[in-house]
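Below are some points to keep in mind when going through this model, arranged from the central sheet outwards to the helix pairs. Please read them alongside the sequence and the coordinates.

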Amino acid sequence: MQSITSFKLALVSTAVFGALAASPAFAADKVIKLGFSAPLTGPQAHYGEDMRNGLVLALEEANAQKIEIDGATARFELVAKDDQADPRTAVQVAQQIVDDGVDGVLGHFNSGTTIPASRVYNDAGIPQIAMATSPEYTQQGYDNTFRMMTSDTQQGAAVGQFIVKDLAAKKVALIDDRTAYGQGLTDQVARAVEKAGGQIVAREYTTDKANDFTSILTNIKSKAPDAIFFGGLDAQSGPMKRQMQTLDIKAPLVSGEMTRSDTFLRLAGAAADGTYASLAGVPLSTMAAGEKFAKDYQARFKAEPGVYAPYAYDGAWNMITAMKEAGSSKAEDYLPKLAALKRNGATSSNIAYDQNGDLKEIAVTIYEVKDGKWTMVKTMVSQAN
């Protein structure tokens with residue numbers, strides 16, 4: 001009799017536990033996977049790590065808020081892959097990310113990897129918010145592509161005008177690294193220089209693996225330019241600036257946001273002073289919630305945030321907010337919310353997308369190296385037409 005009673009009690013206990021487990025208080029979290037890919041090894045790894053940190057901070061904050069999506073508490077997970085800044089590798093890892101069953105993609109970093117990878121995500125119907133700044137990314141006719149930063153079309157226009165108007169440079173030489181980013185930005189700068197009344201006196205080409213620019217700089221020196229623009233990475237612009245000093249080239253070096261880094265300062269050394277670099281966006285100190293972001297980032301990672309972390313952070317929150325508003329992690333449900341998004345973020349109080357997925361707010365800041373440190377020169381903020 002005792003054994004029968006014990007058996008009945010066990011059945012009752014099992015039934016009660018099962019009912020509790022099925023109740024809302026014991027419901028399992030809804031795991032929402034967000035794909036991420038960027039260079040996490042090699043000379044561009046510091047860019048990818050900075051971007052990933054911004055995403056991690058956003059996802060951890062979202063998880064702490066216990067957001068309800070798809071009728072359960074959402075738990076966001078980052079599915080990270082290293083694309084090595086290589087287009088072919090990017091396509092391979094993009095397919096791996098899709099096969100992992102992600103609900104959205106936050107990446108890639110480089111334009112040259114983002115554009116081919118975006119075709120994989122478009123075919124799979126997965127929304128993508130990338131750091132890539134090349135205009136081609138959002139001009140492919142896809143409805144699932146969005147940006148974290150101002151595009152090169154917008155940035156190049158501002159830089160070209162700065163070179164001619166602010167630096168009074170009438171003769172401008174160009175160098176690009178033949179990547180989608182470097183070539184795209186340089187093309188836009190060239191158009192803006194000529195539109196502002198300047199003249200392109202030389203255009204030279206290199207690669208994102210080169211470190212000796214003596215030959216092309218010697219050729220440029222013979223053209224006597226008033227300024228030299230380089231579209232490429234800090235791993236190249238640092239040595240390039242040192243070699244310009246060795247060749248006694250007085251014209252200032254102007255570059256894009258990938259040069260505006262501590263890595264450039266370290267590689268260029270004493271030759272860094274007098275270099276200009278543009279950055280899509282505004283300085284962290286003047287961002288809508290830049291001070292709070294910097295404080296939270298430092299507390300989490302015990303380091304200063306880099307250029308890309310706050311934009312990655314906002315990119316993640318843009319996607320999370322769209323899912324929250326839709327109450328769903330399904331692309332067909334939250335994609336319209338993402339396209340129509342209006343939110344107050346860390347980088348801007350007016351985050352919104354145009355019909356192509358480009359940010360409506362155009363913000364570009366010019367920096368100059370003075371006494372070995374990046375110093376803000378001017379900021380230009382406007383709204384896209």
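1. A convention is needed before the helix angles are discussed: axes are lines fitted to C-alpha atoms, for helices over the stretch in contact, and angles run from 0 to 180 degrees between N-to-C directions. On that basis helix H4 (residues 111-124), which lies across E4, strand E5 (128-130) and E6, runs at about 170 degrees to E5. Since angles over 145 degrees count as roughly antiparallel, that value of about 170 degrees places H4 roughly antiparallel to E5.

2. As to reliability, this is a predicted model, and the mean pLDDT of the protein chain is 92, with 92% of its residues reaching 70 or more. The exception to bear in mind is the stretch of residues 1-26, over which pLDDT stays under 50 and for which the model has 3 contacts beyond four places in sequence. Where pLDDT is low, the predicted coordinates should not be read in detail.

3. The sheet is open and is formed by 6 strands in the order E2-E3-E1-E4-E5-E6, with mixed pairing. Its edge strands are E2 and strand E6 (145-147), each of which pairs on one side only.

4. Within this sheet, strand E1 (residues 30-38) runs parallel to strand E3 (residues 72-82), and 9 bridges join the two. To follow the register, one may take Lys33, whose bridge partner in E3 is Glu77, and Ala38, which stands opposite Asp82 in E3. E1 also pairs with strand E4 (residues 104-106), again in the parallel sense, over 2 bridges; here Leu34 has Gly104 as its bridge partner in E4, while Gly35 is partnered by Val105.

5. Where does the antiparallel pairing of E3 come in? Strand E2 (residues 68-69) pairs with E3 in the antiparallel sense over 2 bridges, and the bridge partner of Ile69 in E3 is Ala72. The two strands form a hairpin with 2 residues between them, and Asp70 in the turn has a positive phi of about 55 degrees.

6. A second helix to examine against the sheet is H2 (residues 45-64), which lies across E1, E3 and E4 and runs at about 170 degrees to E3.

7. Turning to helix pairs, the axes of helix H5 (residues 152-166) and helix H6 (residues 180-195) come within 7 Å and cross at roughly 50 degrees, which makes H5 oblique to H6. H5 passes H6 in a right-handed crossing. Among the residues that make the contact are Gly156, Val159, Gly160 and Ile163 of H5, together with Leu185, Val189 and Ala192 of H6. The residues of this contact of H5 with H6 divide into 9 nonpolar, 6 polar and 1 charged.

8. Helix H11 (residues 309-326) and helix H12 (residues 331-339) pack at an angle of about 120 degrees, with their axes 8 Å apart, and they are therefore oblique to each other. The crossing in which H11 passes H12 is right-handed. The contact is made by Asn318, Met319, Ala322, Met323, Glu325 and Ala326 of H11 and by Asp333, Tyr334, Lys337 and Leu338 of H12. In the contact of H11 with H12, the residues divide into 6 nonpolar, 1 polar and 3 charged.

Technical notes
Residues numbered from 1 in each chain as written. Predicted model: local features only at pLDDT ≥ 70, side-chain atom pairs only at ≥ 80, totals over all residues. Heavy atoms only, no water. Pairing = 2+ DSSP bridges. Helix = DSSP H or I, 4+ residues; strand = E, 2+ residues; numbered from the N terminus. Contact = heavy atoms within 4.5 Å. Parallel < 35°, antiparallel > 145°, perpendicular 65-115°, else oblique. Left-handed = near helix turned anticlockwise from the far one by under 90°. Nonpolar A, V, L, I, M, F, W, Y, C, P; charged D, E, K, R; others polar. pLDDT = per-residue confidence, 0-100.
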